[in-house]
Amino acid sequence: MSTVYEMNLRVDSRDVDLFNQCRPSAVLGILQEAATQAALSLGVSGPQILEKYNCLWMITRSWVELDAPLRWNDPVTVKTWHRGGSGASTYRDFDLYRDGRPVGQGSTIWVMVDVDSRKLFRMKQLTEFQGTDGGELCKSVKLRRVALPEQFDHRVRRDLRYSDTDINGHVNNIHYADFACDSLHLEELCRGKFVRSFQIGYVNECKAGETLYVDTAARGDELFARGSGEDGSERFDFSLTLADL
């Protein structure tokens with residue numbers, strides 16, 4: 001029997017940008033809240049798996065595709081389900097509706113990491129996932145590493161602070177979209193357009209007090225960003241596609 005979690009909300013005034021479009025980070029925030037509530041309903045929320053399995057959830061990749069921008073006060077319904085998992089990771093899929101009509105979709109990849117050993121947890125041991133996947137609703141999309149350009153056009157420095165962090169003590173996944181969009185200057189590139197799709201890969205975690213360097217490139221309506229630490233280690237990869245309104 002498939003398990004689908006459904007959440008209804010309205011796009012908040014804090015979610016939209018200067019074009020009255022829901023920012024990519026805010027869209028991720030909507031998906032993150034739906035995923036959190038879905039996990040809670042299955043008994044696999046962060047505190048629950050920490051207590052039972054001594055593990056933490058970590059997201060490794062996010063992908064979103066929109067047919068049109070979400071705007072302030074739009075009524076949005078999110079439906080979400082997981083795909084099960086036999087290896088070390090699992091997908092969670094999402095469908096987005098506005099006024100009952102499909103407006104977008106998304107997928108994320110999650111892993112469970114042992115708090116002490118930092119080893120990956122095997123999903124077949126997660127008994128709560130047995131028989132609770134989305135069944136026929138499960139998407140076929142597979143998320144792979146972003147194919148970044150060989151050369152970047154600009155570099156931006158970003159100091160990471162308290163407001164970037166979450167309950168796990170590292171930078172929350174939604175903020176990487178802000179880092180990339182700020183560095184790409186979407187306040188200029190998004191005039192007359194909307195974010196059709198974007199993908200983020202979380203390579204290594206970032207923490208408050210660190211400095212992030214974001215390299216960017218624009219190839220027409222395809223935009224790219226790569227975040228690196230002061231030591232040169234890659235922290236995230238990002239791609240975004242714009243479309244005409």
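**View 1. The charged end of K79 sits over the ring of Y97.** The distance from that charged end to the ring centre is 5.1 Å. The model shown here, and in every view below, is predicted. A second charge sits over a ring as well: the charged end of R83 lies over Y91, 4.0 Å from the ring centre.

**View 2. W57 and W110 make an edge-to-face pair.** By the rule used for ring pairs, the count comes to seven aromatic pairs. In one of them, the ring centres of W57 and W110 are 6.2 Å apart. Their planes meet at 85°, so the pair is edge-to-face. W57 belongs to strand β2 (residues 55–66). W110 belongs to strand β5 (residues 101–114). The two parts are 53 residues apart in sequence, so the pair ties them together. W57 is buried, at 15% relative accessibility. W110 is buried too, with a relative accessible area of 18%.

**View 3. Y176 and F236 form an edge-to-face aromatic pair.** Here the distance is 5.4 Å centre to centre, with 70° between the planes. This pair links distant parts of the chain. Y176 sits in helix α3 (residues 173–184), and F236 sits in strand β10 (residues 234–244). They are 60 residues apart. Y176 is buried, with a relative accessible area of 3%. For F236, also buried, the value is 0%. Both rings belong to one aromatic cluster, formed by Y176, F179, Y202 and F236.

**View 4. The largest nonpolar core holds 58 residues.** Seven residues touch the most other members: W57, V78, M112, L126, F236, F238 and L240. Helix α1 (residues 24–42) gives the largest share of this core, nine residues. Look at M112 for its contacts. Leaving out residues up to four places away in sequence, M112 touches I49, Y53, C55, L56, W57, K119, L120, F121, M123 and L126. One of these contacts, C55, is buried, with a relative accessible area of 1%.

**View 5. C206 has no cysteine sulfur close enough for a bond.** A disulfide is a covalent bond between the sulfur atoms of two cysteines. For C206, the closest cysteine sulfur is in C181. The gap is 16 Å, so the two sulfurs are too far apart for a bond. C206 is buried, at 0% relative accessibility. A search of the whole structure finds zero disulfides.

Methods: Residues are numbered from 1 along each chain as its sequence is written. This is a predicted model: local features need pLDDT of at least 70, side-chain atom pairs count only at pLDDT 80 or more; totals for chains, interfaces and linings use all residues. Side-chain values use heavy atoms; hydrogens and water are left out. Rings of Phe, Tyr and Trp (its six-membered ring) pair if their centres lie within 6.5 Å; planes under 30 degrees apart count as stacked, over 60 as edge-to-face and the rest as tilted. Helices (H or I, at least four residues) and strands (E, at least two) are DSSP runs, numbered from the N terminus. Buried means under 20% relative accessible area, exposed over 50%, partly exposed in between (1.4 Å probe, protein chains only). A charge sits over a ring if NZ of Lys or CZ of Arg is within 6 Å of the ring centre and within 35 degrees of the ring normal. A nonpolar core is a set of buried Ala, Val, Leu, Ile, Met, Phe, Trp, Tyr and Cys residues joined through side-chain atoms within 4.5 Å. Contact means heavy atoms within 4.5 Å. A disulfide is a pair of cysteine sulfur atoms within 2.5 Å.
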